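Here are a few notes to help you find your way around this structure. Take them in order, with the view open beside you.

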Amino acid sequence: MSSNNNKILINTLPKHIRPAAKFIRHQEQASGLSTSRFIQDVSTCLIPKAVFSRSKEDLAENTFLEVSEETLIYFVPTILGQHIARTAFSKGLDSKSKEKVATTGVELLENAKNNPLVKHNNKKILPVKAAIALAAMAIPLTEFSLNYIKNLMTLKVFNKSDFKNIASLEDNAEDKEHQQKVEKSAKKHIKIAAIAYGACLGLAGLLAVKGKNSKILQKISEFIVAPGTKLFPKNKKTKNFVNKYFNMDFNNQDGKLVLSKGQLTTCVLTGGVGYFGASSDRGKENLKETATRFPLVALYVITGSELVEKGFKSILKKMGKCKDLIGRNNEVPKSDELDVLARKLAKKRNSNAEKEYKSLVKQKILISGLPYIFAIGVMGFFVAGMTNYFTKKRYENAQKYRKYL
């Protein structure tokens with residue numbers, strides 16, 4: 001009923017506010033992190049890079065990488081985990097155990113501490129969960145390969161492998177020997193990724209079939225889906241941090257497997273190895289640019305706008321803004337809860353629900369919009385412009401230095 005009331009109240013908003021309200025509501029209803037984070041990262045990373053593109057090759061590479069990376073990270077895990085791996089590896093489980101597969105490994109181990117029955121059931125559920133997580137390693141390993149695929153694409157389509165030509169620092173004839181080196185390295189690393197995934201699938205199959213009867217495989221399964229719990233059982237802070245950011249397990253949303261922070265971190269870090277390797281193949285200028293950009297972008301992708309949003313909420317609260325929305329622990333109601341809050345405020349203030357709802361939506365847009373604009377402006381345009389600028393300055397300084405030699 002609340003959802004229908006929100007739809008009615010949204011339509012009473014002024015036209016200049018309505019699209020923003022609908023967009024925020026849609027993001028909150030999206031499955032897991034996928035849709036909202038895809039839009040955030042593409043807009044933050046691709047649009048600025050397109051604006052600052054230095055050549056058609058540079059634009060093509062950035063478009064290929066950003067769209068491929070975000071699609072891989074935010075959509076493929078759920079498809080591969082929920083619809084393919086879960087179906088394949090859960091076949092031997094009873095109906096109740098199949099439902100429990102969606103529960104996080106951290107929660108299953110926590111529930112098993114004082115419950116022998118849960119502990120017994122975990123012996124068959126955790127290996128299946130670990131197998132599903134390993135099957136999803138196709139995403140970070142493909143992410144690792146993308147930068148090498150990008151090198152091959154630029155070489156085959158534009159016949160360029162020298163970063164100085166791609167970044168319009170120079171316009172010299174390509175070195176055929178260097179092109180062969182780049183091609184050979186790309187194919188080798190793509191092959192390594194394929195072999196690594198084959199090993200992941202092999203272990204996944206072993207866990208799913210033999211895991212429930214093997215203590216060693218049980219420990220491996222527990223480590224995969226709850227590394228913090230296994231490594232730091234007595235240090236709560238470290239345990240929670242490791243479980244959040246270095247856990248290969250899926251999150252649970254209404255019984256479905258969705259992208260987790262740990263999987264996101266795995267993708268970023270594994271992709272980073274390929275990013276640096278592929279950059280190094282094309283020259284020191286590319287490697288230095290990667291070293292400038294990657295730490296900032298990786299931090300943003302992993303944390304998203306969370307840290308920025310928390311900071312903005314604290315500032316707004318101290319300034320006395322958005323009092324109706326920001327709670328004691330800086331918690332903010334979701335869009336579908338605003339109609340109930342609007343009616344309560346209307347009754348309390350002897351006002352009307354439409355007026356209070358409009359005020360709440362404006363506060364919601366402010367809370368959600370400022371961090372998003374900050375991310376696009378600072379993490380997007382600033383980082384893209386800064387890295388391009390420093391790449392050019394480093395090259396120019398190197399050229400001046402050579403003249404003095």
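1. How many disulfides does a search of the whole structure find? The search finds zero. Please keep in mind throughout that this is a predicted model. Cys200 is a good place to check: the nearest cysteine sulfur belongs to Cys267 and is 12 Å away. A disulfide needs two cysteine sulfur atoms within 2.5 Å, so Cys200 is in no such bond. Cys200 counts as buried, because its relative accessibility is 14%.

2. Next, have a look at the nonpolar interior. The largest nonpolar core has 59 residues, and the members that touch the most others are Tyr74, Phe89, Ile132 and Ile224. Helix H8 (residues 116–135) gives the largest share of this core, with nine residues. As background, nonpolar side chains tend to be buried together in soluble globular proteins.

3. Ile224 is worth a closer look. Leaving aside neighbours within four places in sequence, Ile224 is in contact with Ala130, Ala133 and Leu134, and also with Leu207, Asn247, Met248 and Asp249. Apart from the largest core lies another core, of 17 residues, which includes Leu316, Cys322, Leu325 and Tyr357. Cys322 has a relative accessibility of 8%, so this cysteine counts as buried.

4. Now to the charged pairs. The structure has 17 salt bridges. One of them joins the side chains of Lys129 and Asp249, at 3.1 Å from N to O. Lys129 sits in helix H8, while Asp249 is in the loop between H14 and strand S1 (251–253), so this pair ties together parts that are 120 residues apart in sequence. Are the two partners buried or exposed? Lys129 is buried at 2% relative accessibility, and Asp249 is buried at 3%.

5. Two other salt bridges are useful to set beside that one. Glu110 and Lys113 meet at 3.3 Å, N to O; Glu110 is partly exposed at 41% relative accessibility, whereas Lys113 is exposed at 52%. Glu222 and Lys230 also form a salt bridge, with their closest N and O atoms 2.8 Å apart. Here Glu222 is buried, with a relative accessible area of 16%, and Lys230 is partly exposed at 35%. Elsewhere, salt bridges with shared partners link Arg54, Asp58, Glu289 and Arg293 into one network.

6. That network leads on to Asn388, which lies in helix H19 (residues 353–404). Which residues is Asn388 in contact with, leaving aside its neighbours within four places in sequence? They are Phe52, Arg54, Glu289 and Arg293. Of these, Arg54, Glu289 and Arg293 also belong to the salt-bridge network. Asn388 has 13% relative accessibility, so this residue counts as buried.

7. Phe52, another contact of Asn388, takes us to the surface. Phe52 is found in the loop between helix H3 (34–51) and helix H4 (56–74), and is partly exposed at 33% relative accessibility. Together with Ile47, Val51 and Phe381, Phe52 forms a nonpolar surface patch with about 330 Å² of accessible area.

8. Helix H14 (residues 236–245) deserves a visit too. Its buried residues are Lys239, Val242, Asn243 and Tyr245. What covers them includes helix H7 (105–111), helix H13 (227–231), helix H15 (261–281) and helix H16 (284–303).

9. Finally, two backbone spots to inspect. Asn159 has a phi near 55°, a positive value in a residue other than glycine. Asn159 is placed in the loop between helix H9 (138–158) and helix H10 (163–166), and is partly exposed at 39% relative accessibility. Ser168 is not a glycine either, and has a positive phi of about 60°. Ser168 lies in the loop between H10 and helix H11 (176–210), and with a relative accessible area of 44% counts as partly exposed.

Methods:
Residues are numbered from 1 along each chain as its sequence is written. This is a predicted model: local features need pLDDT of at least 70, side-chain atom pairs count only at pLDDT 80 or more; totals for chains, interfaces and linings use all residues. Side-chain values use heavy atoms; hydrogens and water are left out. Patches are made of residues with over 30% relative accessible area and no salt bridge: like charges are joined within 9 Å, nonpolar side chains (Val, Leu, Ile, Met, Phe, Trp, Tyr) within 5 Å. Accessible areas come from the Shrake-Rupley method with a 1.4 Å probe; for residues, only the protein chains shown count as cover. A salt bridge is a side-chain nitrogen of Lys or Arg within 4 Å of a carboxyl oxygen of Asp or Glu. Helices (H or I, at least four residues) and strands (E, at least two) are DSSP runs, numbered from the N terminus. Buried means under 20% relative accessible area, exposed over 50%, partly exposed in between (1.4 Å probe, protein chains only). Contact means heavy atoms within 4.5 Å. A nonpolar core is a set of buried Ala, Val, Leu, Ile, Met, Phe, Trp, Tyr and Cys residues joined through side-chain atoms within 4.5 Å.
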